[in-house]
Amino acid sequence: MAVTDFIPGQRWISNTEAELGLGMVTTNADRRVTIVYPAAEDERTYATDNAPVSRVEYPVGDTVSNSAGIQIEITERIEKNGCFIYIGNDADGEEHIVPEIDLDSHVQFNRPQDRLFAGQVDKLSRYKLRLNTLEHQHAQQKSETYGLSGGRVQLLPHQFYIAHEVANRYAPRVLLADEVGLGKTIEAGLILHQQLISGRAKRVLITVPDSLVYQWLIEMMRRFNLHFSIMDDLRCTALEMSGSENPFDSAQLILCGQSFINNNATRVEQILACEWDMLIVDEAHHLVWSEDAPSPLYTTIEMLANVIPSLLLLTATPEQLGLESHFARLRLLDPDRYSSLEQFREEQEHYTEVNALVQKLLAENGIAQLSSDAQFQAELNSFLGEETATKLIADAQEENAEEAIQQCINHLLDRHGTGRVLFRNTRDAVHGFPQRILIPHPLPMPDELSSEMVDFSLDEILKPESVLGDDWLEFDSRVEWLDGWLKAHRHEKTLLICAKAETAQALEEHLRLRKGVRSAMFHEKMTLINRDRAAAYFADTEEYAQVLICSEIGSEGRNFQFAQHLIMFDLPLNPDLLEQRIGRLDRIGQKNDVQIHIPYYEDSAQAILLRWFDEGINAFRHTCPAGQALFTQFEDTLVGLLLDGADEETFETLIVESQQASQKILLEMQQGRDRLLEMSSCRPEQAAQLIESVEDTENRHQLVEYMEHVFDQFGVDQQTNGLHSVILQPTDQMIYHRVPGLPDEGCTATFSREEALSREDMQFLNWEHPMVTGAMEMITGSEFGNTAICTVKLPPLAPGTLLVEAVFVLYCAAPRHLNLQRYQPQATVRVVLDNNGNNLSAIITPNHLNKLGERVKRHAAQNLIRHGREQISGVLSKAENVAQAQQEKLIESAVSKATTILNEEVERLEALSKVNPSIRAEEITQLRADRASILELLGAAKLKMDAVRVAVVSD
Ligand SMILES: Nc1ncnc2c1ncn2[C@@H]1O[C@H](COP(=O)(O)OP(=O)(O)OP(=O)(O)O)[C@@H](O)[C@H]1O
């Protein structure tokens, strides 16, 4: 650029910092030019020979504003001493003279044509990246599994099935009740992630037992990139002292311990004063309820559940505290549906009939029966309604009989199963779990106890150390056994669970101080930080504690599957609690058989309990879904035996009766609700399809290639680190101050799910990672790469021919959660015209221009624009007309797709709601409202020019 080009008073715009607005030359001396940017109240000094700025020249016909905000349409442009004077009329026809020095500085050249004519030409690589981004973004947003593939998790069908079922609902309210350790936290995370990414939820509150706060924080962060803020009294007070009116307004994603909100009217009021979209409650069996005495925690959660639209309750043992409490929790989810306990009880019975029908359909002769058995057909009629049943029966007689049978089952489950509100996967259905091995260690009863046991309470009998006196460690035979066992298994991580914090404390001190065992403890009297430190010490792979000694709080929710040995220093009375304890090790990720060690005194209450759990209800070697029911049935006899000692005959009878009852209940469960639950919690074929769909959209190779370009263009340093991973570092040359998701200190990232699962120190880059979605939004939401100029050799075309490629997107301002992309048939509309207005869109493909296009130097490009402006502008207008002609068809196709999909969804829900009361009325209302909005918005959508590339044919 020649030095004389810069004349004070002229308006220029920065090529690299367009957000500064219109600049004005103030001085040009000593080969340096200073430009002030009044809108940004900033200035820049550049070397005159390579200043990254473009001259702003408005042609006649354009509209401009002066600094007083008066807008004119230019009718004449005069140049005087190198500066322009614009003359034009305002809306009232009054003439104004605007010297360019008086132009409004707050202009932004975002539209591609404006930027192009302002000389703001991007690199070809950026233009290509923009177009790629539009395509990838569209592909992701319209995928069926949009929002579900971003987690650092194994693709386990039972989890994805539930997540997909639930996440697509409006304000889902469900109870996730998979058996212990099958991944309810992960399911909740998947649902949450999907709701956040699709814009359906923004503000979320999670409340969990105090001992699980940190674990949830970490799981959400490392698995889903969701950063929750922990709220406790200290933090709330600190926020209030620094001026926050309501501490719960300080973050979008908040996590808190249940004891913090329980009975805490002030904090609950503050929570209620905020807007929330979703509430998640873990270990929901703590929400104890009875008609006359709901627990304070239940009451607190009920208040929140009444106002927060979406609710996820998690528990592995929904009936741990009885059917009443289970019912009450379902009532939290849907008070209208679960209004009567009586009716709820009746429904439980009715599931047997539905299941019998399903089993008949599944039987080998199911198809034949369906076609010929009138009784069977009548039953189907009564359950599905005549219209549906007749159609399905007719279908079954055609070729696609199996599909019709499956449809029948789906309808039955949809309409009469429990599936919509309650999901429960079992180990038996999920498969692939290691064995549980019970290793009882009978020990002599301490002399101090044997004579006195009769006077003790049940609690004392089950935790005998509490009555052995201060020096119980010295003569409790379980301690001596423990010393020896740990010594013999020095290199094996072991989890020990006992009921009380005092016992855990005493045992740990004894082992660590007197026996030199590397141990750690975990109980309710420790601070949360210390508990989590202890758990981390136990989990460490190099410097680890051999044994972690937990009180009962360690038996819930924690992940200790890296250990293989579980020692139960005592036994809990409740089978569900026993299952929770075993579940710490027997959970997803456990690679070995789980060894359950029970040190117990011979001929004691513990011996009785051990035999009852093992022989009576088989609760050690398998999960015992009937545990709670059996306990309720036999509690009196069992407790009597524990208190009074074993009367051999009564005991044997108890064992035999428990076995029989266990078989009966399990059979009933299998024939009734649980079988239906199991079937509706994971339909294997659909689940497998979902996993395939996630794998398909994962498209790793495309992502690697795409992100390589992004990092390259953004100025992020990238070094290959292995087959699938890369080391990323921010640099001083970055075009943006920050790249979302990229820490200031850099990071290592892998594109491989497998690697991400074993290398938690690496970020898992996938299409839903914040770095990827953030980069995409930065590109498509700004002018990045929306103009380009190149030369191209295309022999059939005469040299000098001008080609204009204009890319349009279907645009309408819509709330994100409506996800209009889902219905759009294509990401973009592309039009290529030559300077004579010939439409070459089909002949000249993007590949032609991408592969053959050659870079044009900036100065030459700007000259081309200046001289070719009129012609290009004319071609662009024609391109708009060509696109316009396609707009209607495009909208029609989007509206038609949306109508089909949404009508189907609404009709399905409406049909369901007639027979299945668990469809909430507001779900249907909202779906109808969404349908109306989507159709209206799509109908009003307009094609908007998103990017322009000008190519000059060279010889
Ligand atoms: N899809 C998955 N990929 C990788 N790890 C998983 C997956 N699902 C579960 N896990 C791991 O398995 C363990 C159990 O999962 P989670 O804590 O979600 O189970 P849960 O059902 O909530 O257990 P609990 O009943 O004890 O509360 C956790 O360590 C979790 O990180």
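The ligand sits between domain 2 (157-337) and domain 4 (434-666), because both domains give residues to the shell around it. Keep in mind that this is a predicted model.

**The ligand shell**

Let's stay with that shell for a moment. There are 20 residues around the ligand, and the ones that come nearest are Gly183, Lys184, Thr185, Asn559 and Ile588. Sorted by type, the shell has seven nonpolar, 10 polar and three charged residues. As for secondary structure, helix H4 gives the most to the shell, namely three residues.

The UniProt record, an unreviewed entry, has a "binding site" annotation that covers Asp178, Glu179, Val180, Gly181, Leu182, Gly183, Lys184 and Thr185. Two of these deserve a closer look. Val180 is in the loop between strand E10 (173-176) and helix H4 (184-197), and Gly183 is in the loop between E10 and H4 too.

Is Val180 buried or exposed? Val180 counts as buried, because it has 22 C-beta neighbours inside 10 Å and the cut-off for buried is 20 or more. Gly183 also counts as buried, with 22 C-beta neighbours inside 10 Å.

Who do they touch? Skipping neighbours within four places in sequence, Val180 is in contact with Ala316, Glu579, Gln580, Gly583 and Arg587. With the same neighbours left out, Gly183 is in contact with Leu156, Gln159, Asp178 and Ile588. Ile588 turns up again here, as one of the residues that come nearest to the ligand.

**The nonpolar cores**

In soluble globular proteins, nonpolar side chains tend to be buried together. In this model, the largest nonpolar core has 90 residues, and Leu176, Leu279, Leu312 and Leu313 have the most contacts inside it. H4 supplies the largest share of this core, seven residues. Where does the core lie relative to domain 2 (157-337) and domain 3 (348-417)? It lies between them, since both give residues to it.

Take Leu279 as an example: not counting residues up to four places away in sequence, Leu279 touches Leu205, Leu304, Ala305, Ile308 and Leu311. A second, separate core has 69 residues, including Met24, Phe84, Ala788 and Leu803.

**Domains and one contact between them**

The domain assignment gives domain 1 (3-108), domain 2 (157-337), domain 3 (348-417), domain 4 (434-666) and domain 5 (787-953). The centres of domain 2 and domain 5, taken over C-alpha atoms, are 41 Å apart. Still, seven residues of domain 2 are in contact with 10 residues of domain 5. On the domain 2 side of that contact, there are one nonpolar, two polar and four charged residues.

**Two positive phi angles**

Finally, some backbone detail to check if you care about torsions. Glu41 has a positive phi, near 50°, and is not a glycine. Asn81, not a glycine either, has a positive phi of about 50°. Here is where they sit:

| Residue | Loop between | C-beta neighbours |
|---|---|---|
| Glu41 | strand E3 (32-37) and strand E4 (42-47) | 9 inside 10 Å |
| Asn81 | strand E7 (71-80) and strand E8 (83-89) | 8 within 10 Å |

Why does Glu41 count as exposed? Glu41 has 9 C-beta neighbours inside 10 Å, and the cut-off for exposed is 12 or fewer. Asn81 is exposed as well, with 8 other C-beta atoms within 10 Å.

How values were computed. Residues are numbered from 1 along each chain as its sequence is written. This is a predicted model: local features need pLDDT of at least 70, side-chain atom pairs count only at pLDDT 80 or more; totals for chains, interfaces and linings use all residues. Domain bounds come from an automatic or database domain assignment. Two residues are in contact if their C-beta atoms, placed from the backbone, lie within 7 Å. Ala, Val, Leu, Ile, Met, Phe, Trp, Tyr, Cys and Pro count as nonpolar, Asp, Glu, Lys and Arg as charged, and the others, Gly among them, as polar. Helices (H or I, at least four residues) and strands (E, at least two) are DSSP runs, numbered from the N terminus. UniProt positions are given in the numbering used here, feature names are shortened, and annotations may be inferred rather than shown by experiment. A residue is near a molecule or strand if its C-beta atom, placed from the backbone, lies within 6 Å of it. A nonpolar core is a set of buried Ala, Val, Leu, Ile, Met, Phe, Trp, Tyr and Cys residues joined through C-beta atoms within 7 Å.
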